[in-house]
Amino acid sequence: MILGCHVQMKAPDYVLGSVQEALLYGANALMLYTGAPQNTRRNPIEKMKVKEAQQLMEKSGIPMQHMIIHAPYIINPANSVKPEVAELAKEFLESELKRTHEIGAKYLVLHPGSYTTTDLETGIRTIVERLNSIEDYPENVIICLETMAGKGSEVGFRFEHLAEIIQKTEHPERFGVCLDTCHISDAGYDVNDFDGVLDEFDRIIGLDRLHVIHLNDSKNERGARKDRHANLGMGTIGFETLHRIAENERTAHIPKILETPYINKKPPYSYEIEMLKSGVYDPEVLNSL
């Protein structure tokens, strides 16, 4: 299994520290922000120990395509109401694409955004316009639009939304999808029948565009459209279903990234990764954190 988790990226070791943290959990994949997700402040790449991180990944047998970069939440490509937000989305997304390339990663996960006070059609059209406006798009980087839960005015809680966005871009080869198990369950998809979900995804978008999976349990019932992640086995999806998803042969080549909550301010990832590898669920381990 290609299993990883969302890790920190902070001084003094930055990206090197992110890789070291992932290895500490027994992961062979990882996901990180290039800075705080709530703002645009970023350290120069030269300061972030990228070469050392790449060398450690190579030494550990982890290919660079298993390092996933997540775009910050403040990028909202669907907002057509505030011009200043639209300009920020364009400029900062371009900056994050450049940083992703400089780090050596291949996939940048992006939330499609929320259309706020307009409508879904306007939101999708605005996203397409934002993506088409990107200048100096770096080679070998793919933006993975994330499947969303559908809370508020979110775009992307149906596969059809993402398919329309990708199909209407001028360079569809630059875009793929990140599938979040919590989000699609909250959006109404039956993750207990994951092969059925993959069949539908393949029919609407194409499985060749699925590059990242966020493996999360959900605190909500299917179709709730709320988006609240739970630890593996502690939600409505359940460990058995998530383990079947993790070992599904059709997605064996795709990194599965845990975004599950800390327990008592402690990361649960080493335990959750070990449970997925063994197929044995031990709730007492998580409860003891």
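In the predicted model, the side chains of strand β6 alternate in direction: Phe175, Val177 and Leu179 point one way, whereas Gly176, Cys178 and Asp180 point the other way, and all are buried. Because six of the six residues of β6 (residues 175-180) are buried, the strand is largely enclosed by the rest of the structure.

Strand β6 is paired with two further strands. Strand β5 (residues 142-146) pairs with β6 in the parallel sense over four bridges. The chain passes from β5 through helix α5 (residues 159-168) to β6, and this β-α-β crossover is right-handed. Within the pairing of β5 with β6, leucine 145 stands opposite valine 177. Strand β7 (residues 210-214) also runs parallel to β6, to which it is joined by four bridges; here cysteine 178 of β6 is opposite valine 212 of β7.

Beyond β7, asparagine 216 occupies the loop between β7 and β8 (217-218). Its relative accessibility is 0%, and asparagine 216 therefore counts as buried, the cut-off being under 20% relative accessible area. The side chain of asparagine 216 makes polar contacts with backbone atoms: it reaches the backbone nitrogen of glutamate 259 at 2.8 Å, and a polar atom of this side chain lies 3.4 Å from the backbone nitrogen of threonine 260. When neighbours within four places in sequence are left aside, the residues in contact with asparagine 216 are Asp180, Thr181, Cys182, His229, Ala230, Ile237, Leu242, Leu258, Glu259 and Thr260. Among them is Asp180, a buried residue of β6 that points the same way from the strand as Gly176 and Cys178.

How values were computed. Residues numbered from 1 in each chain as written. Predicted model: local features only at pLDDT ≥ 70, side-chain atom pairs only at ≥ 80, totals over all residues. Heavy atoms only, no water. Buried < 20%, exposed > 50% of the residue type's maximum accessible area, 1.4 Å probe, protein only. Helix = DSSP H or I, 4+ residues; strand = E, 2+ residues; numbered from the N terminus. Pairing = 2+ DSSP bridges. Right-handed = clockwise from strand over helix to strand, strands pointing away. Polar contact = N/O pair within 3.5 Å; in protein donor to acceptor, adjacent residues only side chain to side chain. Contact = heavy atoms within 4.5 Å.
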